[in-house]
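Me: Please take a close look at a single residue in this model, and then set it beside other parts of the chain. I would like one connected account, with the cut-offs stated.

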Amino acid sequence: MERPERPRANGCGGAHGALRNGFVRGPPGTQINHIVHNGGLYKRPFNEAFEETPMLVAVLTYVGYGVLTLFGYLRDFMRQWKIEKCQNATEREEQKDFVPLYQDFENFYNRNLYMRIRDSWNRPICSVPGAKVDMMERVSHDYNWTFTYTGRVIKDIINMGSYNYLGFAQKAGACQEAAAKVLSQYGAGVCSTRQEMGNLDKHEELEKLVARFLGVESAMAYGMGFATNSMNIPALVGKGCLILSDELNHASLVLGARLSGATIRIFKHNNMQSLEKLLKDAIVHGQPRTRRPWKKILILVEGIYSMEGSIVRLPEVIALKKKYKSYLYLDEAHSIGALGPSGRGVVEYFGLSPEDVDVMMGTFTKSFGAAGGYIGGKKELIDYLRTYSHSAAYATSMSPPVVEQIITSVKCIMGEDGTTIGRARVQQLAENTRYFRRRLKEMGFIIYGNEDSPVVPLMLYMPAKIGAFGREMLKRNIGVVVVGFPATPIIESRARFCLSAAHTKEMLDTALKEINEVGDLLQLKYSRRRLVPLLDRPFDETTYEETED
């Protein structure tokens, strides 16, 4: 009789065909999913896929960048000797001996690589950024150094790039009508800070509503999502504190951490082994030189990572936070409204309690079709930020029509408008996400991220294919966002699709048909159905315990 296999700490048995890090090995040619259960920490399957870059593609990508670099040096030589016209900013002859204003080498990438495909970005749209958009046509006669508008408008482009997750970016409907009514009553601007003459009853209503929506004691709203991170983190931590930040955190989190003056240490993306090692070292060794204990240890993570399409391993992060008595700052810019049965974000998605997250941050710029951000948590935390946050003390109050747009959309999601439209939109987004991801994988593209993430990166790799993909899709009336170095690793250029509840199945099928055609044209179907883990961590060596005070 065969002895049964001992179950492992992560809840995955070591049965034959299984790998220790949660990957299940199937027959040759089948796709491998990252399925994590982790001994009861996860109440649902957690499936993420990160397929390895094929070796030939990686080599050709490096060769492509090498060729572009060589030609860049050649063109710089020609510009120096006036053989080619120099379009970029340069020092005046009489200022050559001064401290340089322009560092030529630092602009090398912009001049010689980015400029070739600059037409793929900053495209001007002239309509609501809904499921379809209208775009102003422009042309360049000097290789993208300048653009000229033709006067023609390209109509009904399927918008696969905006963060309009729940479809609230619209020019008609309850949100638009409510915002228009408030505009006529309050005007467009407040012309003061919240602490002076800019605290409206609408701001108070919004903050109470957001607190109820998040399930926290109190909340505070800010006029800019980026500043919500960059200006509030310095108010929470400072010198003598330690910040543990995910390596793929957004620039606003990075800036806020740097401005705080706290010590910053980086852990590998979504890698709990790496995070736990940093936590252990921080507690054992304390501050450098003095060895005193850190005043605070703050973990910075995002709900959905906007370039990878991955979802934070929140149950594990919370378990580590409790075990090592640290604080957790969760940025839900992309996950609030987009995850969870009722759109309450990654906390609801995993069935966790909001009380386990010390600082809940999010933005109104995506799922709610507005602008600004919020922080939610304990009443003591919010009262402290009202006094010490730079965003609260020095920033102008949120525009009343924008506030009303948020109030109306949040009430719609919560069902407080007397309809089920909000919940239906959340469900529609989830269905669109799974359908779109599944179809792209079936076509043979390499797709990154979690199967429930509405951010869908499609890997392009080679620099020449970044611009080619964007242009070919626009020719077919599909608007997409393409991303390359330095926003991504040099060999991991990609197109990033953002799904919306406003996308109909017909729109998605049209987009998929064109993506399939362009994929064949540009030979983008790299997938070999052989996935590797995002991280290599022996779960069975890690335990999570809650220690009592």
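**A loop aspartate and its surroundings**

Reply: D358 lies in the loop between α10 (346–349) and β10 (359–363), where helices (H or I, at least four residues) and strands (E, at least two) are DSSP runs numbered from the N terminus. The model is predicted, so that local features need pLDDT of at least 70 and side-chain atom pairs count only at pLDDT 80 or more, while totals for chains, interfaces and linings use all residues. Residues are numbered from 1 along each chain as its sequence is written, and side-chain values use heavy atoms, with hydrogens and water left out.

With a relative accessibility of 23%, D358 counts as partly exposed, because buried means under 20% relative accessible area, exposed means over 50%, and partly exposed is what falls in between (1.4 Å probe, protein chains only). Leaving aside residues up to four places away in sequence, D358 touches K321, S326, Y327, L328, G376, G377 and L381, a contact being heavy atoms within 4.5 Å. One of these neighbours, G376, is 18 residues from D358 in sequence, and the C-alpha atoms of the two are 8.5 Å apart. The side chain of D358 also makes a polar contact with the side chain of K321, at 3.5 Å, and a polar atom of the D358 side chain lies 2.8 Å from the backbone nitrogen of L328. A polar contact here is a pair of N or O atoms within 3.5 Å; within protein, one must be able to donate a hydrogen and the other to accept it, and residues adjacent in sequence count only if both atoms are side-chain atoms.

A second aspartate, D134, offers a useful contrast: it is found in strand β3 (residues 132–139) and is buried, with a relative accessible area of 14%. Again without residues up to four places away in sequence, D134 touches I125, C126, S127, V153, I154, K155 and D156.

Strand β10, which bounds the loop of D358, is also among the elements covering the buried residues of α4, together with others including α3 (174–186), β5 (218–222), β11 (373–377), α11 (379–388) and α13 (400–414). The buried residues of α4 are K202, H203, L206, E207, L209, V210, A211, F213 and L214. Helix α4 (residues 201–214) has 14 residues and should span 20 Å at 1.5 Å a residue, which agrees with the 20 Å between its end C-alpha atoms; the expected span is 1.5 Å times one less than the number of residues. Just after α4, G215 takes a positive phi of about 80°.

Turning to the nonpolar interior, the largest nonpolar core has 104 residues, and those with the most contacts inside it are M160, F436, L440, F469 and F497. Such a core is a set of buried Ala, Val, Leu, Ile, Met, Phe, Trp, Tyr and Cys residues joined through side-chain atoms within 4.5 Å. Helix α16 (residues 505–522) gives the most to this core, with seven residues. Buried positions in α16 include L508 and A511, and M160 touches both L508 and A511 as well as F436 and F497, among others. F497 is in turn the bridge partner, in β16, of V456.

Terms used: Pairing = 2+ DSSP bridges.
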